[in-house]
Each structure stands twice: as structure tokens, then as C-alpha cells.
Amino acid sequence: MNPKPWWAKVGHRSLMLLATIYCVFPIYFMLVQSLKTPKEDVFGNPFIVMDPTLENFQELFDREGEVRGFVGTALRRSYPFADWLVNTIVVFAGSVAATLVASVAAAYALGRLRPPGFRWWRRGIFAAYVIPQTLLFIPLYQVVHTLGLDDNLLALLLIYPTMALPFCVWILSAYFQLLPREIEEAALIEGASRATAFFRIILPMSRPVLVAAGIFTLGTIASDFMIASVFLLTPNNQTITAGLGTFDVALDELAAVAGVNLLAIPVVTISALLARGFVRGLTAAMIEGA
Amino acid sequence: MVSVKPAGRAGDIRLAYALLSPALLLLAVVIAYPVGWEVWTSLTDLSPLKDGSTGFVGLANYRRLLADATFWQAALVTVVYAAVTSAGKLALGLGFALLLARPFRGRALVFLAIFLPWAYPAGVSVIGWYWTLNPPTITAYAPFMGQLKYAVDGTFGIGAWAFASVMLFNIWRGSSFIAVLLLAGINAIPQELFECALLESRSAWRRFRLVTVPLLKPFLALGVFLSLTSAFADLSNVWMLTAGRIVFPVIGTHAYWLVIKAGQYGPASALSLTLVPFLLAVLLVLFRLFDPPQERSTA
Amino acid sequence: MAQVMMKDLNKKYDEVHAVKDVNLHIRDKEFIVLVGPSGCGKSTTLRMVAGLEEITAGEITIGDRVVNDLPPKDRDIAMVFQNYALYPHMTVYDNMAFGLKMRKFPKTEIAKRVGEAAEILGIQELLKRKPRQLSGGQRQRVAVGRAIVRHPQVFLFDEPLSNLDAKLRVQMRVELKRLHDRLETTAIYVTHDQVEAMTLGDRVVVMKDGWIQQVGEPLELYGRPANRFVAGFIGSPSMNFVEMTIAETNGALWADTPGIRVKVPPASAARLGPYKGQRLTLGIRPEDLRVATGSDPADYSFDTVVDVVEPLGSEILLDVKAGSNVMVARVDPTVRAKLHDKMRLSLHPERVHFFDLKTELAI
């Protein structure tokens, strides 16, 4: 191939730069806001922070309701942010785990055992996406109420897995289906039972696809706002998302942005670390198989 | 002399159903039952604001819906919203993916940047967006944003700014996912294929059309579908970004409003369900494109 | 070490009857090759021995145990697959050790056996690598290594060389043969390649459409094929077949078709008696045809026209036409032949085969 002319290189670089700015700017902006003092928030340059502070983050964990400059105690609320954090971790980790277990089991059934009509089973499960969950609040509330899960984290652990499940079953079963059957058979001949072959061979082999499914699940449930707000009511039972929804814009802007970042940073870090695996898993599931 | 091994086909099928059951149970409880309830309710006049027994009204709710100008407005806005955001996401996502197709210095960093908007939890980034675009009056950039909003609303009518911000947010986040999805497809295209095509045709556009697009088809189909469903079902983003002050209702917000503010369960259910057949039809067409290929045959 | 018996073995899928009434007695230490075109049931038969396919009817015995109801892991067999089926997430060492670990061998014993196998196969340097870092030939060695570490009663090979390039295939073929001589383990080997079958097998089983066509030692199959299919399948280039009429002239039987008229060799004459006046198929291998010289008896010679010349170096393949019959002759490289040359060919009278037109059985 010919070496690229200089203008093509410059063009490519500028496009890269534009794409990066476009993608990162809103996130950068939120991060900068969260590091600002109230004074700088009002008078400073919006795009940079001159005098970074962790005050806003501290304030989230501050239950005392310390008096702040121009807002009196009367208007000041304190938030059980530590509880929210714990709740969020429980709900997120639990949902991802539950989603993966249920999807892997179903995907193994569809991709390897292939009961009659397995293609339609898989399509049927995937078709759950045409049902907008956010529109099902009332019957969902009935279900949650019947199960006695009002205002309980378990309600989210029940609902969240179904949001990512169809996609996870889809990619995992596609991957299992593309996997050469000989690999599993070799293990069976070598002395493994079906379960051993699954846990020692198939599951470890599927790591990239499991990562992809896990990241997709995390990304999906971390995006939910409505379900968390509707089903978790008592402040102590809320997740960060639900809790932040109760903040008042005018009064708590900085603390809220700090809260946003506190949730986002771990989620983004986990996703970023596994991002390559995410892409590799999607490729493996849709095309290669092995 | 017929013998059947204990772990034969029949056993496999039983095991398959056993393994499917947790997933199916979850879907039954969280999706199938609620949908069933919605279907039934859409045929009744159920409302918490009404005394007495619930009556069966047949298709009255649907008929009323079709006669309601608000419904048609919401439907139109929803279609525009879905079409514009999907087109935007696909165009940007494809662009990003193609930018990342070939190796170059710093590729990993740009990839991460492009991955961020999707990975960043939307449940909270939407709050950030809202406050960025509609800042509390005390912040330093509030006057600028205020002017922008005023200008946009002045040109396109009240609510245009809010609606535009919803679309912008949706595209911002969605293009990131589409880019990653398409990149997964591009990574699977063998480099030789590009080179082969390079010999055959010097036109980059032809190469793209003849080599890249066909191989990306399953990924594109999946991306289009997920993009459409998320747009059609979108309630939370619209609600959040407009703080419930909705000037352009989409079907999702309209149904939510009917339930929350007006207690009209029947019409709200009917409204929610109008989306489903349409999405199912789209899905049936797309399945052909992204169904996993048949198993390779063995000798 | 064990013999394998298949008795009235049948396999039926929903619509396909893949294996039909297979009866086979594989002796201890024997290397037996199942060969046939794709879809002939050879792989299915092997997979039934392995326990990977249910047996629809019949019985398989390994050693003195009926294994019909035993899961694969309890059959004391090892299998090498066409696509190697290595575990991609494990090193070569772990791949080879997996079966021993499953059977709870002590660590030192595992290390010893893997070491031995690696030495036999010349892959000691690769033990720490992952399969994707290996070439096709190396992967195949690892797959073989995984099979031999367990010292199983029977080796099963399912087209193990088909994914290798031609040169490597020949090399691995020799190595497999040497390995079998050394290990003396019963082996069942499936292939679609008749050269592999002939070179590796103590005995070869030719299959077609689920039926066994013939079982025999390689040269027996080559020299005395039981039917037209086996005759055509074994040997390359394959046997020439010409449909001819048998007629009696002056007390002798002649085979006749426009362009060719040859005498029925005395050895076959008695058996062909009943076919007098009827049509049948004459078969002659390309290597049993030669350019006629003055000393060749005219009774076994006929005129042809050269259609294609394929010089291979050690020999020349001539595609010739006799009347409307197309034949291939394998001739000496010194023969000078050009397109459209007239050429008189002579066939080897003792190596002519006759097949019934309808049953296709050898006469």
C-alpha cells in the first residue's frame, strides 16, 4: 500500500481528537463539577477546576447536616449515602451474578443440548426486549407486593436480571452453539462427567463471552433509574441511583454530581478494564465460536 | 435388541428444560405476567380513582386511543425520536468503529474514550446531563446555557431545547454501544479480505459496501434492533431530562402520565401495548440476519 | 490391550439410517481403518464405539465388556479428532494431563507419563505453550499425546490428518504407524483417504451408505475387490470400468464393446460362463494397462487415441479413448506420447476384473 499522504494523517488524527472529545467531554464536565467548591461553581470557569476539593464527596457521607455557608440548617438534608453505596454494591453484584448464572444455564441448554425448537426458544427469550419494562410498573408492583418485596432490595434483584438476560442468553448460546462439539466430547472421553466438562473446559473457555455478558449486564442495570426509584422508597433502602433522584437541584448540585461520580467511577473502571474482553467476547459469540 | 443409554437424547432434553427454567421463571414473573396483565387491563376500565367493580370494555380503550389527537402526536414524536436517534447512533457508531478498524498509536486510548459514554451509568449520567444543560441559576455557565436554551426554544418552539437534549443524550450514549458492537464485527474480518478487496477495487466506498457491510450485517441488525427498542421504550431519559415537564410526550411518557397523574390504567395499558406488535415485526425481520449460523457439519 | 467386537450394529437418526448391520471383529493390537466417502457411516460407527452416539441396535464389546450402556469415560478409550479438540485455555502439559487428573493419578506419575509421551512425539519444548501458539502439525501431536498418556485399551482416530497439508500428512502418517508398532494398542482409524487407509491399516474396512462393503488386508482389497465400489474406491487413479458384452467365438469367451474387443482370460472364463450373451462391467486398473509391443498377444490389446497427457515424473498418466470409452493408463515415463496420437494398449490378463451389471458384485 502507498504511504498515506500527510493530509490523510492529519485528518485521521483530528477525527480521533474530535471523537474523543465528543465522548469524554460530558463525563469530564461532571467530574470537574464534582471537584469544585461552591464558590468556584458560581464564579469560576466552568471547564476547569482551579482549587479541587473532595468536600462534595465528603459531604455525602456526612450525616450530621453541618451548616453550610449560605444555606441554613433548616434547608439542609443529610443522606444515608453509605447505605446507598452498600445497597448498590449488593444489588449490582447480585444482579450480575444472577443474570450470568441464569443465562449460562439457559444458553448451555439452547446452544449445546438443543431441545426441540431451540431456535424459537432463543428467539422467544430475546423477544422479551420488545416489552418496554418501564411501562409495566403497575403489574410489576403487584408481583413485587405479592412476593412481599416492597421496598426491598430483592425486588431489584428479581427485576434487574431480566433486563440483560435476553441479550446474555443470546450471545452465550450463540457461542456455545459455535463451539466445536469435539472439545466437550474429548473431555467426556478423557474421564470427565458432563458437569466436570462444563466447569473445567467449557466455562473457562468462554471467559471472553462471559466478560461480554457481564459488562453488558452491568452497563444495563447501572443505567436504570426508574425501577430503582419506583420500588425503593425508604432512604436507607435506596441505591445510589434512586437516592440521587431525590436530591434537589437547586440545593445539592455539587453533592449530587459527586454522588454521580462515586457510582460511575467504579462501574466505569470495571468496564474499562474489561473493555477489550467485551469486544473479543462479542466477536467470539457472533462469528468465531472458538 | 434396542438399548438406550441413560444419558441419551431424552435425558438431554430433560436437562435442557431444567437448565432453561430459572431464566424462563424470571421472564415469566417479571415480563410475561405483567404483559398479560396489561393486555387484560387494556380491555377494561380499571382505575384506582373509580369506585365499584371493574368492567370489561372490549376494544374501547384502543378505539378511544385512535381517536385521540394526543396519541397520534405522541406516536409521531416517538417515531421521530426513534428514527433520528437510531440514525444518529448508527452513523456515529459506524464512524467510530471504522476509525478504530486499523491499528495506530493511541488506539487503545481512543477506544476507551469511545467506550465510556455507554459504560458510564446512564441512570446517573442523565442527571448530570440534565444539570449541565439546565443548570441551577447560580452556576457560572448558567447564563450561557440559558441563552442557548432560549435561542433554541425561540426558533423551534417551547420544549425544543429539552427534546433536543434528550436526543443528544440518547445518541451520545447509544453511538458508543453501537461502535463497540460494530468493532467486534470489524475485528472478525480477516485482514486478507481487506487486502483482497484492495486489489479488486480502488474505490474505498465499493470496498466498504462489498466487504465490510456484508460481514457486519449481523452486528448492524442487532444494533438497529437494540437501538429501536431502547428508543421506543424510552421513558426514563425523556422524563429525567425534562424533569417531567414534557412538552413533546413520547408514548412511554404519555402512558406513564396517564397512570401516575390520571389513574387511567386501561388506556395506559392499551397505549403501552401499541408499541409491541411493531417491534415484534421488526425483530422477526432482523432475526434472519443475526441468528447464529448453523453448526458446521461433521463428516 | 483389547479386542473390539461389533455385532449387528445399527444407528438410526430421525430420517437417516446411518449405520446398517455392521459386524466387525477387531483383534487385539490390530490397526483397523474404516474408509469410505463422506456420509458412509464410518465416523458414526467410531463415535458409537467411543460412546458419543447412542447405539440404536446391536452390541459393542471392548475387551470382554459390553459397553453399550457405559459412558465414554468408562470405556477405557482415547480419541483423536480431526480438529484436534485441544482445550484452548490450558497449556500443552495441562491438555495432556487432563485425563490423568480426572482419574486421580498422583502428580509424579502424571509428570512422568506426560514427559514420556512428549518425548515420543518430540514436543518437550512445547509443554508450556497454549494451543493457539502451535502450528497445525504440533497441535496434532499434542492431541495424539493426550491420547497416549492414559495407556488406553483402544485408540480411536477420527480423520486425524485431514486438516494437515499434504506434506505433513505423509510425515504424520509414518509417525502414527511407527507409534502403533511401538505401543501395540488396538486402534480404529477413520479416514476418507484410501492412501491413508492402505498404508496404515492392518486391515481395512470399506463402507458405503452405512453398509460394510468389504473387510480385508490392504492388498487383498486392492487385488480382489468384492464389488465395483471397492474396486473403484481403492487405488489411485481409480480403476477403469467399461461396460461390455460377453460373446463366444471359436469356443472362447470374448468381451466386446465398440472400440475394444478382448479375450476373457482363461482364469475367469469358467465363472463368466453364465453371462454369455449378456452385458457386464470390465474393470482394469491404470497400472495394469501398458503400451503394447510386438510380443504382446493381440487378444488382450486394443487401439486408443491419446486425449490428455499428465507427466508425473516417475510415471505418465494417459487419458485415452477407445471408441467412446474413456480410460486412464499409467505408463512408463519413457513413453513419448502426444495429444491425438494413436496408441495400442495391452492389458494384464490376470488382473482383469468383472462385475455384475446389476449387483455390482465381483464375478
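Start by selecting C:Glu184: just after helix H5 of chain C, this residue takes a positive phi of about 50 degrees. Keep in mind as you go that you are looking at a predicted model.

**Chain C: the helix before Glu184**

Now step back along the chain and select residues 166–183, which make up H5(C). This helix has 18 residues and reaches 26 Å from its first C-alpha to its last, close to the 26 Å expected at 1.5 Å a residue.

Zoom out to the whole of chain C. You should find nine helices and 20 strands. Turn the C-alpha trace about its principal axes, and the spans come to about 80 × 45 × 35 Å. Of the 363 residues in chain C, 41% count as buried. If you display contacts between residues at least 6 apart in sequence, 65% of them in this chain join residues at least 24 apart.

**Chain C: two loops to visit**

Next, select C:Ser236 and C:Pro237. The peptide bond that joins them is cis, with omega about -5 degrees. C:Pro237 is found in the loop between helix H8 (228–233) and strand E11 (240–249) of chain C.

Then move on to C:His340, in the loop that links strand E18 (325–331) to strand E19 (342–347) of chain C. Phi of C:His340 is near 70 degrees, a positive value in a residue other than glycine. Is this residue buried or exposed? C:His340 counts as exposed, because it has 8 C-beta neighbours inside 10 Å.

A word of background on these stops: most residues other than glycine have a negative phi, and most peptide bonds are trans.

**Chain A: another positive phi**

Switch to chain A and select A:Asp151. Here too the residue is not a glycine, yet phi is positive, at about 50 degrees. A:Asp151 is found in the loop between helix H6 (137–146) and helix H7 (153–178) of chain A. With 13 other C-beta atoms within 10 Å, A:Asp151 is partly exposed.

**Chain A: two domains**

Colour residues 6–53 of chain A as domain 1 and residues 81–289 as domain 2. Their C-alpha centres lie 31 Å apart. Where they meet, seven residues of domain 1 are in contact with five residues of domain 2. On the domain 1 side, helix H1 (6–34) and helix H2 (38–43) of chain A each supply at least two residues. H1(A) gives the most to that side, with four residues. By class, the domain 1 side divides into three nonpolar, two polar and two charged residues.

**From chain A to chain B**

Show chains A and B together. 78 residues of chain A are in contact with 79 residues of chain B. Which helix of chain A gives the most to the side that touches chain B? Select residues 249–273: this is helix H13 of chain A, and it contributes 12 residues. The chain A side as a whole divides into 60 nonpolar, 12 polar and six charged residues.

**Chain B: a pair of helices**

For the last stop, select residues 204–232 and 275–290 of chain B, which are helices H9 and H13. They pack at an angle of about 170 degrees, with their axes 9 Å apart. H9(B) and H13(B) are therefore roughly antiparallel to each other. Turn on side chains to see who meets whom: the H9(B) residues include B:Lys217, B:Leu222, B:Phe225 and B:Phe232, while those from H13(B) include B:Leu275, B:Val282, B:Leu286 and B:Phe290. By class, this contact has 14 nonpolar, one polar and one charged residues.

Technical notes:
Residues numbered from 1 in each chain as written. Chains lettered and ligands numbered in written order. Domains from an automatic or database assignment. Contact = placed C-beta atoms within 7 Å. Nonpolar A, V, L, I, M, F, W, Y, C, P; charged D, E, K, R; others polar. Buried ≥ 20, exposed ≤ 12 C-beta atoms within 10 Å, placed from the backbone. Axes fitted to C-alpha atoms, helices over the stretch in contact; angles between N-to-C directions. Parallel < 35°, antiparallel > 145°, perpendicular 65-115°, else oblique. Expected span 1.5 Å × (residues − 1).
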